[in-house]
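Reader: I've got this model open on my screen and I'd like a close look at one part of it, the nonpolar core and what is packed around it. Could you walk me through it in plain words?

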Amino acid sequence: MKDRTTPTPVQEAYARDGVVLLQNVLTPDWLEKLRAAVDEEIKRGERYFAYKNMRERPGTFQDYCLTSDIGARVAEVAGSPWTSLIYDQLFVKEPDTKTQTGWHTDQPYWPVAGPIMTMWIALDEVDPDNGALEFVRGSHAWGAKYRPFKTDQKGAFLHYMEEGNPDYIDMPDFEADRDRYDMLHFAHMNPGDALAFDGMTVHSAMGNRTTTRRRRGYAIRFAVEGATYEPRDSVTEWLHDDSLAPGAPFRGGRFPVIHGA
Ligand SMILES: O=C(O)CCC(=O)C(=O)O
């Protein structure tokens, strides 16, 4: 029998690179249901990343988060005995959305310290032409905390928030200095494949330069063992929950444990 403490190849890749590609995370049935739910949701016509927390309302997103095997997949990749749900978010880059999403880390926007994982699930084929995600390999392990910032409608940098907070440093210009970094993207994702990435991994998304190929991404954010509740200020306020004590494990209240105990 396999020693439970020996990391699997996927766990090793995730721990080393801060991102890993997982194939066939969705069944054909969930793929179809989620595509339909996304198309219904985006009828509201908001900016491309403004669709958040759908899982708090009854419907397909909630059903997927609570009843599918996604929590188990997260636990498996992270090597964690439990997984809790933070929130979900849509990223729909329609054809001819040329703007590159600015390089950023996710964690500074949320009231969490410690390990968190996004599962970014492709609902269409994804490649560099229609908006592949790009990562700075291993950047989750640098210990750098990058200042959160506001973006425009399409995700490009506008200005920093929390300018006076000494815990953060400004983002280097990763785009201008691409040669200095080990940048990683996956050449092709099939619908139903997912990228699992750490909340501290520096990443961006290419523009959708095609005229015909949509790029619908469904991202779900999870906490795993070691993550704690760290409410901060107006940046993280939208995910606060007074039933959790600061410093407590990030689970319970608004953030149900969906796998393990
Ligand atoms: O899919 C995108 O366009 C951006 C995704 C992203 O930045 C994220 O999930 O944190």
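Which residues have the most contacts inside the largest nonpolar core, and how many residues does that core have?

Author: Happy to, and keep in mind that this is a predicted model. The largest nonpolar core has 33 residues, and those with the most contacts inside it are Tyr64, Leu90, Met119, Ile121 and Tyr218. Helix H2 gives the most to this core, with 5 residues.

Let's start from Tyr64. Setting aside residues up to four places away in sequence, Tyr64 touches Val25, Leu26, Trp30, Leu34, Ile70, Ile121, Tyr218 and Ile220. Two of those names, Ile121 and Tyr218, are also on the list of residues with the most contacts inside the core. There is a second, separate core too: it has 27 residues, including Tyr109, Trp110, Ala223 and Phe255.

Now for the helices. Tyr64 is one of the H3 residues that meet H2, along with Thr60, Phe61, Asp63 and Thr67. From the H2 side come Trp30, Lys33, Leu34, Ala37, Val38 and Glu41. By type, the residues of this contact divide into 6 nonpolar, 2 polar and 3 charged. H2 covers residues 28–41 and H3 covers residues 60–67; they pack at an angle of about 140°, with their axes 9 Å apart. The two helices are therefore oblique to each other.

Next, the sheet. It is an open one of 6 strands in the order E1-E10-E5-E12-E2-E14, with antiparallel pairing. At its edges are E1 (19–22) and E14 (257–260), each pairing on one side only. Neighbouring strands are turned by 25° against each other on average, if you ignore direction. To pick out one pair, E5 (residues 116–122) and E10 (residues 194–198) run antiparallel over 5 bridges. If you want a spot to click on, Thr118 stands opposite Phe197 in E10.

How do helices sit on that sheet? H2 lies across E2 (82–93), E5 and E12 (215–224), and runs at about 105° to E12. Helix H4 (residues 70–78) lies across E1, E2, E5, E10, E12 and E14, at about 125° to E5.

A loop residue is worth a stop as well. Val235 sits in the loop between E13 (228–229) and E14. Val235 is buried, because its relative accessible area is 11%, and the cut-off for buried is under 20%. Leaving out its neighbours within four places in sequence, Val235 is in contact with Pro108, Tyr109, Pro148, Met161 and Glu162. Tyr109 is also one of the residues of the second core. Val235 and Pro148 are 87 residues apart in sequence, yet their C-alpha atoms are 8.2 Å apart in space.

Glu162, one of those contacts of Val235, has a backbone quirk. Most residues other than glycine have a negative phi. Glu162, though not a glycine, has a positive phi of about 50°. Look for Glu162 in the loop between E8 (157–160) and E9 (183–185), where it is buried at 15% relative accessible area.

Asp96 is another non-glycine with a positive phi, of about 65°. Asp96 is in the loop between E2 and E3 (101–104). At 46% relative accessibility, Asp96 counts as partly exposed, whereas Glu162 is buried.

Conventions. Residues are numbered from 1 along each chain as its sequence is written. This is a predicted model: local features need pLDDT of at least 70, side-chain atom pairs count only at pLDDT 80 or more; totals for chains, interfaces and linings use all residues. Side-chain values use heavy atoms; hydrogens and water are left out. Axes are lines fitted to C-alpha atoms, for helices over the stretch in contact, and angles run from 0 to 180 degrees between N-to-C directions. Helices (H or I, at least four residues) and strands (E, at least two) are DSSP runs, numbered from the N terminus. Angles under 35 degrees count as roughly parallel, over 145 as roughly antiparallel, 65 to 115 as roughly perpendicular and the rest as oblique. Contact means heavy atoms within 4.5 Å. Ala, Val, Leu, Ile, Met, Phe, Trp, Tyr, Cys and Pro count as nonpolar, Asp, Glu, Lys and Arg as charged, and the others, Gly among them, as polar. A nonpolar core is a set of buried Ala, Val, Leu, Ile, Met, Phe, Trp, Tyr and Cys residues joined through side-chain atoms within 4.5 Å. Buried means under 20% relative accessible area, exposed over 50%, partly exposed in between (1.4 Å probe, protein chains only). Two strands pair if DSSP finds at least two bridges between them.
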